Structures are given as C-alpha cells and as structure tokens.
Amino acid sequence: MAAQTILFDFTLDAGKTATSIQRQEVARIVRNELEHVFTQLELAYSMESMDNGYFSVLHENKETIITCRIFQQGLLTINVEYYLAAGKEPILSFDTGKRLEKALAKSLQALSGQKIPTLKRGDVARYYPSADERIIEYDIDTLVYEARSPFQKIQIMHSKTLGNMLILDELQNIAESDLIYTETLMGRGVENYEGKEICILGGGDGALLYELLKENPKHVIMLEIDELVMQACNKYLNTICGDVLEKRKTEQYEIIVGDCVDYMKKFIAEGRKFDYVFGDLTDIPISDTPIGECWDFIRTIFEHSFQLLKPDGKYLTHGNGTSCLESLQLFEDQLRLLKPKVKFTTTKAFVPSFMEEWLFYQVTFA
C-alpha cells in the first residue's frame, strides 16, 4: 500500500498568466483535460491572488486529490495524489499519465500559438479537431443533450447543415448527415448479409445495426458498453438508428450492454462463430509507435475477432482520416503480424460531419 503522487509541471508564456482573467482561462483548460481522465471531477476550493497567482483543489469522489497552481510568472504545476491499496491497479497508469501530459501540453501551447481569426465565442462549443488534430469550426447552434456516463462525456449537438451530432469526450462521432459513413463501413452493395450471422463490437449510436437489419441477416448481436449513449441516440438521433435501440432483443437481433471483450471470450469458449464481425469502436490512435493501452486494446480485439470468425468470415472496421498516414501504417503493420495470417482491402469515403476523407478496412483470413 502507498500514497501515489504524480506531478506535472509546465512553463507557459508569462504574458498569458499575468492577469486574473488569463489565469482563469488556464485553469479552465487544465480542468477540461483532467475531466477526460477523472470523469467525476469536482472543484473543492480555489483562490486567486495578485501576488501568488491562482491555486485550486479538485477531487474525484473525495479520494483522488488534485492541486493546481498557476504562477503569474508563467509556471504551472498540477499534483495528483491518491491512496493505492495493496494489489490494486493505479488510477493513473504510466500510459494514461503520458497521454494526459501530452494533451495538457497541446492545449496549453495553443494559448501562445497563432490566433484563429473571427473565433466566435458563446455558450455552445463550435470547434472540434479533425483526425490529424486540426481545428474545424462547425455551424453548431444548440446543445441538445449532455451527460456523463461512467465511461465518457456524452453530448448531442445540433448543426444547421449536419443535423444532430453525437460528440463523445469532445470528439465528433456521427451525425444525421453521415449515412455514407455507415454504408462504407458495411460495404453496402458489395457485401451480402442475407442469412448471415453478425457481431457488432460497439456501435452504440445504433446506425450500423439499423442499416444491417435492412439487409435481412439471420441474426445480429451488438455488444455496447455504454447504456447512456444508446438512450441519448434513441431519443435524439433516431433518424439514423430508427427504433432498434428501444428493443434490446428480437428474433433478428440482440443488444447486450457490457464489455465486448468479456463477451467475446465467452463466445469463443462456447465455440460460437460469425460470418461478419464489425469493429465499431475506438479510432486508430494518433501515435509514433504502436504502444500503450489503446494499441493493446486494438490487438486484443483483433485476436478475439478472428477467433470468432468463420473460415470465410470477414472483419470490417473504420480506420482514421486518410491524412493520418503514420497511424494507418502502424495499424496495417499490426494486421500483418496476426496469426493465422490475414489480408485486407480498404475503401475511402468523405464523411460530412468529419469534414474529411476516412479509410475503412475489410479483413479476411489469407
């Protein structure tokens, strides 16, 4: 047992921390990034001093304590402390800590970077990153829905041209305009789903399930971990998911709420096989090397998916933006390492709400 302490420190442009208003903006950015990791974060105390800068104490469930201090001279320190009982996994792993540090550095660097012209402020967020981390401005006019599940921050935003959009952890996922995304993922007009057994990993927005059911499959099973995402999409995105999220089990399909890896292991033990497995989960990470929790998760999904596929089965998944060449190459390298060996093809589509071209993969046994 031990007290775990993780310290982050950054040097900022002193001209960006000189005033109380500037320090408050830095504090807002810091809290926003921390909430991606500590989803139940609350502010317990804050103090502003002209001489010493800004100081705050935040906590998650009164167990993890985070102190943030912003010096007017341009220094920033963030200290995370919690008690780690014997045999327990750290709340903040090395990989998660490095990702948090990178995200903080990037967001804070933007304070000193080039200004975006005519940046429109308001109550509704309008700016989201592209796949290769460029800033895109949307014509969002309304926050339709917002909540936090145990897994992520969930928002439904309304765009004047794209319709309602699903935003997860402040990343655009799908909009009412994005039928092309779902049709390209499933290879409509190319793949034959009639009479086939299908497993969807993720897919909480319901769009893929809704479109697959139009193809008269034998049965579809969907494994989605976040109940709140499905509730939000059922209410505010039913133009893309119809009523499939209202009923969790019919003769044609079954939706199981839970960790897909656990259920995949169960299906493997039972000897269950599918004609198609869809990976409608996390995007390919933007990284220089295929290491870390996200890459480990991708490799686990690969391993289990191909154990679930019939010999002539196919694994279909989205990749990332076609501009993310290094990450796509890393993804393909992981596919080439699989045993038994696999082969793959790709297709491209411009996705309206992503405002960029994306790559999709079709993988079979070699």
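**Exercise 1. Place the annotated domain on the predicted model and describe the span.**

Start with the record: an unreviewed UniProt entry puts the feature "domain: PABS" at residues 125-366. The structure to map it onto is a predicted model. Next, look at the ends of residues 125-366, whose C-alpha atoms lie 46 Å apart. Finish with the make-up of this span, which is 28% helix and 37% strand. For the whole chain, the tally is 9 helices and 18 strands.

**Exercise 2. Classify the ring pair Tyr 181 and Phe 354, then locate both residues.**

Begin with the geometry: the ring centres are 5.8 Å apart and the planes meet at 75°, so this pair is edge-to-face. The centres had to lie within 6.5 Å, and the plane angle over 60 degrees. Now find the partners: Tyr 181 belongs to helix α3 (residues 179-186), while Phe 354 sits in the loop between β17 (342-351) and β18 (356-365). They are 173 residues apart, so the pair links distant parts of the chain. Last, check exposure, where buried means under 20%. Tyr 181 has 7% relative accessibility and is therefore buried; Phe 354, at 8%, is buried too.

**Exercise 3. Explore the other aromatic contacts.**

Count first: the chain has 15 aromatic pairs. Then trace the cluster that ring pairs form from Phe 302, Phe 306, Tyr 315, Phe 331, Phe 344, Tyr 361 and Phe 365. Finally, turn to Phe 267: the charged end of Arg 272 sits over its ring, 4.8 Å from the centre.

**Exercise 4. Test the chain against the globule rule.**

For 366 residues, the rule expects a radius of gyration near 21 Å for a compact globule; the chain has 22 Å, which agrees.

Notes: Residues are numbered from 1 along each chain as its sequence is written. This is a predicted model: local features need pLDDT of at least 70, side-chain atom pairs count only at pLDDT 80 or more; totals for chains, interfaces and linings use all residues. Side-chain values use heavy atoms; hydrogens and water are left out. Rings of Phe, Tyr and Trp (its six-membered ring) pair if their centres lie within 6.5 Å; planes under 30 degrees apart count as stacked, over 60 as edge-to-face and the rest as tilted. Helices (H or I, at least four residues) and strands (E, at least two) are DSSP runs, numbered from the N terminus. Buried means under 20% relative accessible area, exposed over 50%, partly exposed in between (1.4 Å probe, protein chains only). A charge sits over a ring if NZ of Lys or CZ of Arg is within 6 Å of the ring centre and within 35 degrees of the ring normal. UniProt positions are given in the numbering used here, feature names are shortened, and annotations may be inferred rather than shown by experiment. The radius of gyration is taken over C-alpha atoms; the globule rule is 2.2 Å times the number of residues to the power 0.38.
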